[in-house]
Amino acid sequence: MELTNLTAISPVDGRYRKQVHHLDEFFSEYALIKYRVLIEVEYFFFLADNKFFKLPAKGRAQLKKVLDEFSIDDAQQIKQIEAITNHDVKAVEYFLKEQLEKAGIGQLKEWIHFGLTSQDINNTAIPLSWKHCMEHEYLPAVINLRNHLHQLAVQWKKIPMLAHTHGQPASPTRLGKELMVFVERINNQVEQFSGIPYAAKFGGATGNFNAHKAAFPKKNWNALGNAFAENVLGLQRMQFTTQIEHYDSFAAHFDAIKRINTILIDLSRDIWTYISMEYFKQKTKKGEVGSSAMPHKVNPIDFENAEGNLGIANAVFEHLSAKLPVSRLQRDLTDSTVFRNMGVPVAHTVIALKSLTKGLDKLVLNEPKLKAHLEDNWAVVAEAIQTILRRENYPNPYEALKDLTRGKQAIDKKSIHAFIGRLKISAALKKELKAITPSGYTGIEIPY
């Protein structure tokens with residue numbers, strides 16, 4: 001069958017294609033070829049700018065046009081060359097040499113790919129495409145989700161809510177603060193992510209500029225390599241490499257995204273649970289069906305979808321971060337195959353981020369349910385009562401409250417106040433204790 005959204009094997013290129021098609025600018029075969037062409041052309045310009053040869057202005061302009069107008073047809077032409085060379089990067093080199101011939105500067109064609117090995121191109125093209133995706137797509141999406149959570153936290157800042165530890169009623173909290181937990185966690189991880197460099201390798205066949213030095217022994221090739229990677233491409237060049245970059249920074253990026261994804265799995269499960277407890281209702285859309293058999297249902301599918309996609313993403317990121325930094329001696333080819341799957345976990349992550357945003361937009365606070373849960377759990381104020389009694393040096397307050405509340409049914413306002421009434425304490429202290437309510441017992445309010 002011809003490849004379409006319905007016949008694609010991967011849901012990334014099938015069911016979810018509409019949500020992630022923009023990622024093909026960074027992770028498709030076309031994107032890899034385009035970024036390789038970019039690196040080759042920029043290196044050619046760099047050599048000219050450093051007086052290795054004289055590049056006519058017209059030739060530079062025509063080559064720049066090839067770069068700026070690079071198309072699917074150009075990529076197809078390179079694939080046709082690859083069918084003959086059986087080498088993807090060499091095909092790019094031959095393509096560009098043809099472009100120089102067409103531009104009337106064929107005498108300069110041997111400066112294309114001068115002194116390089118294919119990994120000097122791959123280990124700059126791939127991190128550059130990764131950098132662009134992270135800066136233009138991934139990080140903005142995560143920060144937008146963080147901002148969305150922060151807005152909800154502000155909106156629900158004053159909403160008291162029964163907490164649950166070990167699945168059991170616990171000291172009350174506020175809904176806004178519980179969302180701020182995730183805001184803070186995401187902030188911390190984004191900050192760590194942002195400190196990881198986008199690393200590149202650029203140093204010849206085994207990282208020593210062997211061919212470069214043989215041809216131009218008086219040139220400072222290490223400084224030139226640094227200048228090209230850092231000043232032209234905006235990447236941090238690793239100084240000591242084999243044929244490939246060691247991928248430790250890539251592994252750190254993958255692990256950082258995994259941690260953010262794990263936080264979002266935690267968020268998905270919490271919101272899912274709050275929906276099941278009816279703390280939230282969900283906005284409905286005309287024509288949508290929640291269940292094929294039960295018409296009343298509005299399922300929390302956005303949070304379930306997010307959880308599933310985040311899990312898939314993390315499984316692939318785990319393999320990438322564990323495998324890529326390991327290569328036999330000065331290099332084996334396993335990194336090449338693995339790198340071609342780098343866009344898969346990013347796509348699943350982006351799908352999850354969109355699902356979470358959609359799900360959060362559908363939430364409708366069911367405040368009466370939150371109030372009812374608090375009112376039905378007066379036992380949670382026992383902590384406050386026994387702590388105040390400790391302050392007053394009342395004998396064994398914890399044990400007294402334990403006997404009243406542990407394993408007992410129907411601990412309500414009446415029974416709590418009756419207990420307070422039996423205590424041998426002052427009337428003023430009894431009044432203080434009776435003023436404590438589940439909805440008012442929410443602790444301090446940290447500004448945000």
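**Exercise 1. Which helices do the buried residues of helix 16 pack against?**

Solution. A quick heads-up before we dig in: this is a predicted model.

- Step 1: find the stretch. Helix 16 covers residues 382–391.
- Step 2: pick out its buried residues. They are A382, A384, I385, Q386, I388 and L389.
- Step 3: look for their neighbours. These buried residues pack against helix 17 (397–405), helix 18 (413–422) and helix 19 (427–434).
- Step 4: peek past the end of the helix. Just after helix 16 comes N393, with a positive phi of about 60°.

**Exercise 2. Find the salt bridge partner of R36 and work out which parts of the chain the pair links.**

Solution.

- Step 1: get the partner. R36 pairs up with D88, and the closest N and O atoms are 3.0 Å apart. Since a salt bridge needs that gap to be within 4 Å, the pair qualifies.
- Step 2: place both ends. R36 belongs to helix 3 (residues 29–49) and D88 to helix 6 (residues 88–102), so the bridge ties together distant parts of the chain, 52 residues apart.
- Step 3: check the surroundings. R36 and D88 are both buried.

**Exercise 3. Describe how helix 3 and helix 6 pack.**

Solution.

- Step 1: read off the geometry. The axes lie 10 Å apart, and the helices pack at an angle of about 55°.
- Step 2: classify the angle. Helix 3 is therefore oblique to helix 6.
- Step 3: add the handedness. The crossing of helix 3 past helix 6 is right-handed.
- Step 4: list who touches whom. On the helix 3 side you'll find R36, V37, E40, V41 and F44, and they meet D88, V89, V92, L96 and L100 of helix 6.
- Step 5: sort the contact by character. The residues split into 7 nonpolar, no polar and 3 charged. R36 and D88, the salt bridge pair from the previous exercise, both sit in this contact.

**Exercise 4. Now do the packing analysis for helix 7 and helix 14.**

Solution.

- Step 1: geometry again. Helix 7 (residues 118–155) and helix 14 (residues 343–361) cross at roughly 20°, and their axes come within 11 Å.
- Step 2: classify. An angle under 35 degrees counts as roughly parallel, so helix 7 is roughly parallel to helix 14.
- Step 3: handedness. Helix 7 passes helix 14 in a left-handed crossing.
- Step 4: contacts. Helix 7 brings in residues including W130, M134, Y138 and L149, while helix 14 offers, among them, V346, L353, L356 and D361.
- Step 5: character. This contact divides into 13 nonpolar, 3 polar and 1 charged.

**Exercise 5. Are the two ends of the K177–E178 salt bridge buried or partly exposed? Then try D255 and K258.**

Solution.

- Step 1: confirm the first bridge. The closest N and O atoms of K177 and E178 are 2.9 Å apart.
- Step 2: apply the cut-off. Buried means under 20% relative accessible area. At 38%, K177 is partly exposed, whereas E178, at 19%, is buried.
- Step 3: confirm the second bridge. D255 and K258 have their closest N and O atoms 3.7 Å apart.
- Step 4: see how they line up. Both are in helix 11 (residues 248–276), and because they are 3 residues apart, about one helical turn separates them.
- Step 5: reuse the cut-off. D255 has 26% and is partly exposed, while K258 has 18% and is buried.
- Step 6: zoom out. Salt bridges with shared partners join E29, R36, K79, E82, D88 and R340 into one network. Across the whole structure, a search turns up 27 salt bridges.

**Exercise 6. Where in the chain do F209 and E278 sit, and what is notable about their phi values?**

Solution.

- Step 1: recall the background. Most residues other than glycine have a negative phi.
- Step 2: look at F209. Its phi is near 55°, a positive value in a non-glycine residue. F209 lies in the loop between strand 3 (199–200) and helix 9 (210–215), and with 6% relative accessible area it is buried.
- Step 3: look at E278. Here phi is positive as well, at about 70°. E278 falls in the loop between helix 11 and strand 5 (280–282), and at 39% relative accessibility it counts as partly exposed.

How values were computed
Residues are numbered from 1 along each chain as its sequence is written. This is a predicted model: local features need pLDDT of at least 70, side-chain atom pairs count only at pLDDT 80 or more; totals for chains, interfaces and linings use all residues. Side-chain values use heavy atoms; hydrogens and water are left out. A salt bridge is a side-chain nitrogen of Lys or Arg within 4 Å of a carboxyl oxygen of Asp or Glu. Helices (H or I, at least four residues) and strands (E, at least two) are DSSP runs, numbered from the N terminus. Buried means under 20% relative accessible area, exposed over 50%, partly exposed in between (1.4 Å probe, protein chains only). Axes are lines fitted to C-alpha atoms, for helices over the stretch in contact, and angles run from 0 to 180 degrees between N-to-C directions. Angles under 35 degrees count as roughly parallel, over 145 as roughly antiparallel, 65 to 115 as roughly perpendicular and the rest as oblique. A crossing is left-handed if the near helix is turned anticlockwise from the far one by less than a right angle, and right-handed if clockwise. Contact means heavy atoms within 4.5 Å. Ala, Val, Leu, Ile, Met, Phe, Trp, Tyr, Cys and Pro count as nonpolar, Asp, Glu, Lys and Arg as charged, and the others, Gly among them, as polar.
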